[in-house]
Amino acid sequence: MSLNFKLLVLISIFISPLFSSAETTHTKILLGGYVPINDTTTPEIQAIAKFAVSEHNNESKTHVTYMKIVKGEKQVVAGINYRLIIEAKDRNEMIQHYEAIVYVKAGTDSRKLVSFGPIEE
C-alpha cells in the first residue's frame, strides 16, 4: 500500500465522525435524526397536533378529543417530520397517549398524517 493511500484512510477515519453527528448544547444528535421540540405550546406546533387528531378522526371514523402535547420531536428531511406524543380522550372519556407523526412539506403549509396510534403504557 502506498503512503498516500494509508494517509487518506487515516484522515477519513478521523474526519468522518464530524460529518455523521452534530453537537448541540448538551446533547449529541445524529444528523437527520429527531431532535426535541423545546416549546410545544407554540401556535404552529399546537396546530400540527390538532391537525393530527382531526385527520385521525376523519380517516378512522372515530372520535378522539385533543387535550395537550406531552412531548414533541422533529426531524428535518425534505420538509419536517413532527413526532408528537398527544394526550387525548377517546369516545369513552378515557385519557390516553397517542403517537402522531405529521410530515410538513418544505416551503408550504401542506401537511400529511403519516401515522397515529395509541401508546401502550
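Contact here means that heavy atoms lie within 4.5 Å of each other. With that in hand, a good place to start in this predicted model is Thr62, which sits in the loop between α2 and β4. Leaving out neighbours within four places in sequence, Thr62 is in contact with His56, Asn57 and Arg91. With His56 the link is also a polar one, side chain to side chain, at 3.5 Å. Arg91 is 29 residues away from Thr62 along the chain, yet the C-alpha atoms of the two are separated by 7.6 Å. As for how much of Thr62 can be reached from outside, its relative accessible area is 33%, so it counts as partly exposed, a class that runs between 20% and 50%.

Stepping back to the whole chain, there are 2 helices and 7 strands. Read from the N terminus, the elements come in the order α-β-β-β-α-β-β-β-β. The chain has 121 residues, and 31% of them are buried. Its accessible surface comes to about 8400 Å², with 58% of that belonging to carbon and sulfur atoms. Contacts that reach across the sequence can be counted too: taking those between residues at least 6 apart, 39% join residues at least 24 apart.

Next comes the inside of the protein. In soluble globular proteins, nonpolar side chains tend to be buried together. Here, the largest nonpolar core has 20 residues, and those with the most contacts inside it are Ala52, Tyr82, Leu84, Ile86, Val102 and Phe116. The elements that supply two or more residues to this core are α2 (43-60), β4 (65-77), β5, β6 (95-105) and β7 (111-118). The top contributor is α2, with 6 residues. Ala52 gives a feel for who meets whom: beyond its neighbours up to four places away in sequence, Ala52 touches Ile86, Ala100, Val102, Leu113 and Phe116.

Strand β5, which spans residues 79-89, is worth a closer look. Ile85 has its place in this strand, and at 17% relative accessibility Ile85 is buried, because the cut-off for that class is under 20%. Not counting residues within four places in sequence, the contacts of Ile85 are Lys68, Ile69, Val70, Lys71, His97, Tyr98, Glu99 and Ile119. His97 is 12 residues from Ile85 in sequence, while the C-alpha atoms of the pair are 6.4 Å apart in space.

Glu87 is found in β5 as well, and His97 turns up again: the side chains of Glu87 and His97 are joined by a polar contact of 3.0 Å. Once residues up to four places away are set aside, Glu87 touches Thr65, Tyr66, Met67, Lys68, Val70, Ile95, Gln96 and His97. Glu87 is buried but has no salt bridge. Why does Glu87 have no salt bridge? The nearest side chain of opposite charge, Lys68, is 4.3 Å away, and a salt bridge has to be within 4 Å, so the pair does not make the cut.

Salt bridges do show up elsewhere, and the structure holds 2 of them. In one, the side chains of Arg83 and Glu73 meet at 2.8 Å, N to O. This pair links distant parts of the chain, with Arg83 in strand β5 and Glu73 in strand β4, 10 residues apart. Are the two partners buried or exposed, or something in between? Arg83 has a relative accessible area of 24% and is therefore partly exposed. Glu73, at 16%, counts as buried. Apart from residues up to four places away in sequence, Glu73 touches Tyr34, Val35, Pro36, Ile37, Asn81, Tyr82 and Arg83. Tyr82 in that list is also one of the residues with the most contacts inside the largest nonpolar core.

The other salt bridge joins Lys89 and Glu93, with the closest N and O atoms 3.5 Å apart. Lys89 is partly exposed at 26% relative accessibility. Glu93 has a relative accessible area of 52%, and since exposed means over 50%, Glu93 belongs to the exposed class.

How values were computed
Residues are numbered from 1 along each chain as its sequence is written. This is a predicted model: local features need pLDDT of at least 70, side-chain atom pairs count only at pLDDT 80 or more; totals for chains, interfaces and linings use all residues. Side-chain values use heavy atoms; hydrogens and water are left out. Helices (H or I, at least four residues) and strands (E, at least two) are DSSP runs, numbered from the N terminus. Buried means under 20% relative accessible area, exposed over 50%, partly exposed in between (1.4 Å probe, protein chains only). Lys and Arg count as positive and Asp and Glu as negative; His and the chain ends are not counted. A polar contact is a pair of N or O atoms within 3.5 Å; within protein, one must be able to donate a hydrogen and the other to accept it, and residues adjacent in sequence count only if both atoms are side-chain atoms. A nonpolar core is a set of buried Ala, Val, Leu, Ile, Met, Phe, Trp, Tyr and Cys residues joined through side-chain atoms within 4.5 Å. Accessible areas come from the Shrake-Rupley method with a 1.4 Å probe; for residues, only the protein chains shown count as cover.
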